[in-house]
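User: Could you take a close look at one aromatic ring pair in this model and tell me how it sits in the chain?

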Amino acid sequence: MAIKIFYGIITPFIGTLLGSACVFLLKKELDFRIRRILTGFAAGVMVAASVWSLLIPSIESSREMGKLSFIPAAAGYLAGILFLLFFDRTVPHIHMNEETEGPESRLGKNTMMMLAVTLHNIPEGMAVGVSLAGALYGTSDISIAAALTLSFGIAIQNFPEGAIISMPLSANGEKKSKAFLLGALSGIVEPIAALITILCAGFVIPVLPYLLSFAAGAMMYVVIEELIPEMSEAPHSNIGTVSFAAGFAIMMGLDVALG
């Protein structure tokens with residue numbers, strides 16, 4: 001069990017590492033069509049993970065409340081939305097689809113993008129942590145396979161995030177090694193947040209339904225605020241929608257089959 005917990009904690013970070021490593025393989029920034037495909041796929045994965053890996057287990061963990069079992073899920077979900085909204089309002093950052101002019105502006109955009117991704121990775125790490133804690137202590141309907149599936153799904157969506165950070169940094173004059181390091185560092189908060197959540201399991205377990213849905217709300221906020229605009233930006237194309245559908249179907253299938 002311990003080795004599976006370790007894999008669950010570290011897998012999302014590996015996704016960020018692999019995405020950041022694209023800076024060594026590709027000479028230019030990701031083509032906008034590739035970014036759209038990756039972003040749409042990541043959005044689909046996150047939506048499916050939010051529903052099957054977080055919201056449904058949250059409701060099932062509160063089944064003793066009968067017809068009111070949706071209350072912890074709804075409350076935690078809205079709290080997660082408000083949490084990310086608070087960060088958007090108080091911490092300056094730039095959205096993935098916003099454009100700036102000039103080298104200095106692009107550098108500022110990359111810095112703020114890294115900050116935004118890093119902050120948004122915290123609830124994703126918490127999502128992995130609460131899922132692993134629930135499976136570890138047998139206090140929820142989440143199996144270890146389902147928790148690992150969630151971890152893998154987040155790793156999939158972390159891949160384009162790592163590339164979106166490291167490659168523009170390299171294109172703007174940073175050494176590839178430094179661009180890779182900065183891209184990778186944006187994801188280091190995830191295993192840290194997951195580990196802290198597991199270590200605090202004594203406090204986490206009693207409010208597990210709320211924390212599961214909180215993570216779902218935070219992830220959905222990222223999808224709506226960041227990923228959907230990125231996959232839908234001009235010029236018009238349906239490729240983002242198709243990628244979203246593919247990511248959603250794959251993550252749904254993995255969660256149901258392995259959970």
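Analyst: Helices are what you get here: the chain has eleven of them and zero strands, so reading along the sequence simply gives α-α-α-α-α-α-α-α-α-α-α. Keep in mind that this is a predicted model. Of the 259 residues in the chain, 50% are buried. Looking at contacts between residues at least 6 apart in sequence, 83% join residues at least 24 apart. The accessible surface adds up to about 11,700 Å², and carbon and sulfur atoms account for 72% of that.

Now for the rings. The count of aromatic pairs comes to five. One of them is Phe 244 with Phe 248, a stacked pair with 6.5 Å centre to centre and 15° between the planes. Why call it stacked? Because planes under 30 degrees apart count that way, and this pair has 15° between its planes.

Where do the two rings sit? Both Phe 244 and Phe 248 belong to helix H11, which covers residues 239-258. They are four residues apart, or about one turn of the helix.

As for burial, Phe 244 has 22% relative accessibility, so it counts as partly exposed. Phe 248 also comes in at 22% relative accessibility and therefore counts as partly exposed too. The cut-off matters here, because buried means under 20%.

The pair also has company: ring pairs link Trp 52 with Phe 244 and Phe 248 into a cluster. So the picture to keep is a stacked Phe 244–Phe 248 pair within helix H11, joined in a cluster by Trp 52.

Terms used:
Residues numbered from 1 in each chain as written. Predicted model: local features only at pLDDT ≥ 70, side-chain atom pairs only at ≥ 80, totals over all residues. Heavy atoms only, no water. Phe/Tyr/Trp six-rings, centres within 6.5 Å; stacked < 30°, edge-to-face > 60°. Helix = DSSP H or I, 4+ residues; strand = E, 2+ residues; numbered from the N terminus. Buried < 20%, exposed > 50% of the residue type's maximum accessible area, 1.4 Å probe, protein only. Contact = heavy atoms within 4.5 Å. Areas by Shrake-Rupley, 256 points an atom, 1.4 Å probe, with all protein chains shown as cover.
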